[in-house]
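Me: Please take a close look at one part of this model, the surroundings of the ligand. Explain it in plain words, and add a few other backbone details at the end.

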Amino acid sequence: MMHYHILTLFPEMVLSGLATSILGRAEKNGYITIEASNIRDFTEDKHRHVDDYPYGGGAGMVMQAEPIYKAYQSVEEKILTQGRKKPRVIYMTPQGKVFSQQDAKLFAKEEDLVFLCGHYEGVDERILEEIVTDTMSIGDYVLTGGELPAMVMIDAISRMVPGVLSNEASGEFESFHDNLLEYPQYTRPVEYHGKRVPDVLLSGHHANIERWRREQSIERTLKWRPDLLEDAILTPKEQQYLERLIEIENRIRE
Ligand code: ADE
C-alpha cells in the first residue's frame, strides 16, 4: 500500500489527472491513496499570498517557506498519527537527479511519499533544506511547474507497487527489462494495409517466438538506445547476435 501526498498550488490538476484508468482503479481497490494539499490553504495573511519578490532582485517570484512548512507539517502529523514513519519528501525541479525506472522501483518500497511541486521562479532555499530528502527531475527540459513531473513519477512508481497491475504481466516485464527496449507487438488482423504479421508469431513455436522477440529487442535497442546496451543482460548467444549486428552496421557504413 502506497500513500501519496502532493503539496501543490493546483490540487485539482493532479487529482483529476491521476483519477482515471489504472491509477484510478488502484486507488479504488486500496493499493494506493492519493491526496493533494493546497499550499494556499496554509497561508495566514488575508490575501493568501504564497510567493514574494526574490531578495537580491531578479525576474519572477519565489514561493515562501512558511505555507509550505505548514502544509508539510499537517501531512507529516497525519502519517505519524496513523503509526507510519516520517516520509521521504521529493522536490520536483529540473535541477534534480533524472528519474529512472530504477528509482521507480526503489520509491515503490516506501509507505508514504510526499511530493513538493514548485511554481514561479523557485522556492525559498530554506524550506528545501528543512524538509526535502530527494530532489528529482523528469528530464532535461523546463516545465511551468512540478505538478506534471510529480504525476509522471507517481504513475511510474505505482506500476511497481504490488497489486496495481492486475494481470501477471508485472511492471517489470516491459521496456527496460534486462535494459532492452520492448519487442514489436501485433494483433488481428493478420494482414493490415498490405503488411503481414511476422510468420514466426503465427507458428506456435514458443522457443522460436521467444528468440525472435529477444532479437527484435536487441535490434531496436541498438538502433534507438545504444546507450542502454552497456548494462543490458544478454546470454552469450545474444551477445554474439549483437556483435553480428554491429559488424553488419559497420560494413554498411564503410
Ligand atoms: N519543474 C519544471 N521542470 C521540471 C522537470 N523537468 N522535472 C521536474 N520538475 C520540474
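Reply: Helices and strands here are DSSP runs, of at least four residues for a helix and at least two for a strand, and they are numbered from the N terminus. The model is predicted.

Start with the ligand. The space it takes is the largest pocket. Two elements give two or more residues to the shell around the ligand: β5, residues 88-98, and β8, residues 134-137. The largest share, three residues, comes from β5. Met 92, Thr 93 and Pro 94 are in the shell, and their numbers fall inside the range of β5. Met 136 and Ser 137 are also in the shell, with numbers inside the range of β8. Other residues around the ligand include Ile 138, Gly 139, Tyr 141, Val 142, Leu 143, Gly 145 and Pro 149.

By type, the shell has eight nonpolar residues, four polar ones and no charged ones. Gly counts as polar in this division.

Next come the polar contacts, in which two N or O atoms lie within 3.5 Å. A backbone N or O atom of Ile 138 is 3.0 Å from a nitrogen atom of the ligand. For Thr 93, the distance from a polar backbone atom to a ligand nitrogen is 3.1 Å. For Gly 139, a polar backbone atom is 3.2 Å from a nitrogen of the ligand. The ligand on its own has 260 Å² of accessible area, and the protein covers 96% of that.

Now the other backbone details. An open sheet of three strands has mixed pairing and the order β3-β4-β7. Its edge strands are β3 (51-52) and β7 (122-123), each of which pairs on one side only. Strands of a sheet pair through backbone hydrogen bonds, in a parallel or an antiparallel sense. Between β3 and β4, residues 62-63, the pairing is antiparallel and runs over two bridges. Asp 52 stands opposite Val 62 of β4.

Two loops are left to describe. Most residues other than glycine have a negative phi, and most peptide bonds are trans. Arg 48 is not a glycine, yet its phi is positive, near 55°. Arg 48 lies in the loop between β2 (32-38) and β3. The peptide bond that joins Arg 188 and Pro 189 is cis, with omega about 5°. Pro 189 is in the loop between α6, residues 147-159, and β9, residues 191-192.

Key: Residues numbered from 1 in each chain as written. Predicted model: local features only at pLDDT ≥ 70, side-chain atom pairs only at ≥ 80, totals over all residues. Heavy atoms only, no water. Near = heavy atom within 4 Å. Polar contact = N/O pair within 3.5 Å; in protein donor to acceptor, adjacent residues only side chain to side chain. Areas by Shrake-Rupley, 256 points an atom, 1.4 Å probe, with all protein chains shown as cover. 1 Å grid on protein atoms, 1.4 Å probe; cavity = no way out; pocket = protein on both sides within 12 Å on 5 of 7 lines; lining within 4 Å. Sits in = over half its atoms within 2 Å of the grid points. Pairing = 2+ DSSP bridges.
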